[in-house]
Amino acid sequence: MSEQEMQYTAKDLAASLDVTTSTLRRWAIALESAHYPFQRNEKGQRIYTEQDIATFEELKKLLGEKMTFADAIQQLTGHTKTNEKKSETEKLNVTAEELEKLVSHAVKKAVKKEREKLFKQLKKQMKKERDKLKEKS
C-alpha cells in the first residue's frame, strides 16, 4: 500500500456505506474467512483502503439484489468458507426424479423386509396349528 493511499476507519466506512459498524465487522470477518486480506494498524484493527470500499460496496449491491450472503462472499473472493461444506452441499443436491428413485427403492426394501417377517410369523403360526391338529387326531 502506498503512503498516499487513503485509509479509513470502520466508523467512517460504515457511515459511508450506510450500515452499522457491527454489520461492517460481520462482513469483514466473513471476507477474511474467505481469504480476503485487510490491512491492520499497529493496534491490530482493520484499516480500510479504496479497494476495500469498492469490495464492500459490491457486497452491499449483491445483497440488495437478493443474493445470499454466502454466495456474495464467494463471488467476491472466489472462496467458499470450506471446501468440505461445499462438497457436502453438492452431495445433497439431487433432482426430484433421483429423490423419488431413492425413496422408492427404500420403500421397496422395507416392504420386502416386512413381508419376509410376516411370512415367517405366518409359517410359525401354521406350524403351531398343524401340530394342534395332529395332537387332536
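This report walks through a predicted model of one protein chain, from its overall layout to its rings, salt bridges and surface.

A few ground rules come with the model: since it is predicted, local features need pLDDT of at least 70, side-chain atom pairs count only at pLDDT 80 or more, and totals for chains, interfaces and linings use all residues. Residues are numbered from 1 along each chain as its sequence is written, and side-chain values use heavy atoms, with hydrogens and water left out.

## Overall layout

The protein chain has 6 helices and 2 strands. Those are DSSP runs numbered from the N terminus: helices are H or I with at least four residues, strands are E with at least two. Reading from the N terminus, the order is α-α-β-β-α-α-α-α.

Of the 137 residues in the protein chain, 20% are buried. Here buried is under 20% relative accessible area, exposed is over 50%, and partly exposed is in between (1.4 Å probe, protein chains only). The protein chain exposes about 11,300 Å², with carbon and sulfur atoms supplying 53% of that; these areas come from the Shrake-Rupley method with a 1.4 Å probe, and for residues only the protein chains shown count as cover.

What about contacts, meaning heavy atoms within 4.5 Å? Among those in the protein chain with a separation of 6 or more, 48% are between residues 24 or more positions apart.

## Aromatic rings

Rings of Phe, Tyr and Trp (its six-membered ring) pair if their centres lie within 6.5 Å; planes under 30 degrees apart count as stacked, over 60 as edge-to-face and the rest as tilted. That rule gives 5 aromatic pairs. One of them is tryptophan 27 with phenylalanine 56, a stacked pair at 6.3 Å centre to centre and 20 degrees between the planes. Tryptophan 27 sits in helix H2 (residues 21–33) and phenylalanine 56 in helix H3 (residues 50–64), so this pair ties together parts 29 residues apart in sequence. Tryptophan 27 and phenylalanine 56 are both buried.

Phenylalanine 38 and tyrosine 48 make an edge-to-face pair, because their ring centres are 5.5 Å apart and their planes stand at 80 degrees. This one links distant parts of the chain, 10 residues apart: phenylalanine 38 is in the loop between H2 and strand S1 (39–40), and tyrosine 48 is in the loop between strand S2 (46–47) and H3. Again, both phenylalanine 38 and tyrosine 48 are buried.

Step back and the ring pairs link Trp27, Tyr36, Phe38, Tyr48 and Phe56 into a cluster. Threonine 55, in helix H3, is in contact with one of those cluster residues, Tyr36, as well as with Leu31 and Leu76, leaving aside its neighbours within four places in sequence. Threonine 55 is buried, at 12% relative accessible area.

Arginine 26 also has a ring partner: it lies over the face of phenylalanine 69, 5.1 Å from the ring centre. To count, NZ of Lys or CZ of Arg has to be within 6 Å of the ring centre and within 35 degrees of the ring normal.

## Salt bridges

The structure holds 5 salt bridges, each a side-chain nitrogen of Lys or Arg within 4 Å of a carboxyl oxygen of Asp or Glu. Three of them are shown here.

| Acid | Base | N to O distance |
|---|---|---|
| Glutamate 32 | Arginine 40 | 2.7 Å |
| Glutamate 32 | Arginine 46 | 2.9 Å |
| Glutamate 129 | Lysine 132 | 3.9 Å |

Glutamate 32 lies in helix H2 and arginine 46 in strand S2, so their bridge ties together parts 14 residues apart in sequence. Arginine 46 counts as buried at 18% relative accessibility, while glutamate 32 is partly exposed at 25% and arginine 40 is partly exposed at 39%.

Glutamate 129 and lysine 132 are 3 residues apart in helix H6, so about one helical turn separates them. Lysine 132 is partly exposed, with a relative accessible area of 46%. Back at the other two bridges, shared partners join Glu32, Arg40 and Arg46 into one network.

## Surface and loops

Leu99, Leu102, Val103, Val107 and Val111 form a nonpolar surface patch with about 430 Å² of accessible area together. Patch residues have over 30% relative accessible area and no salt bridge; like charges are joined within 9 Å, nonpolar side chains (Val, Leu, Ile, Met, Phe, Trp, Tyr) within 5 Å. Valine 103 is in helix H6 (residues 96–136) and is partly exposed at 44% relative accessibility.

Which residue in the loop between helix H1 (10–17) and H2 is worth a look? Aspartate 18 is found there, with a positive phi of about 60 degrees although it is not a glycine. Histidine 35, in the loop between H2 and S1, has a positive phi of about 75 degrees and is not a glycine either.

Notes. Contact = heavy atoms within 4.5 Å.
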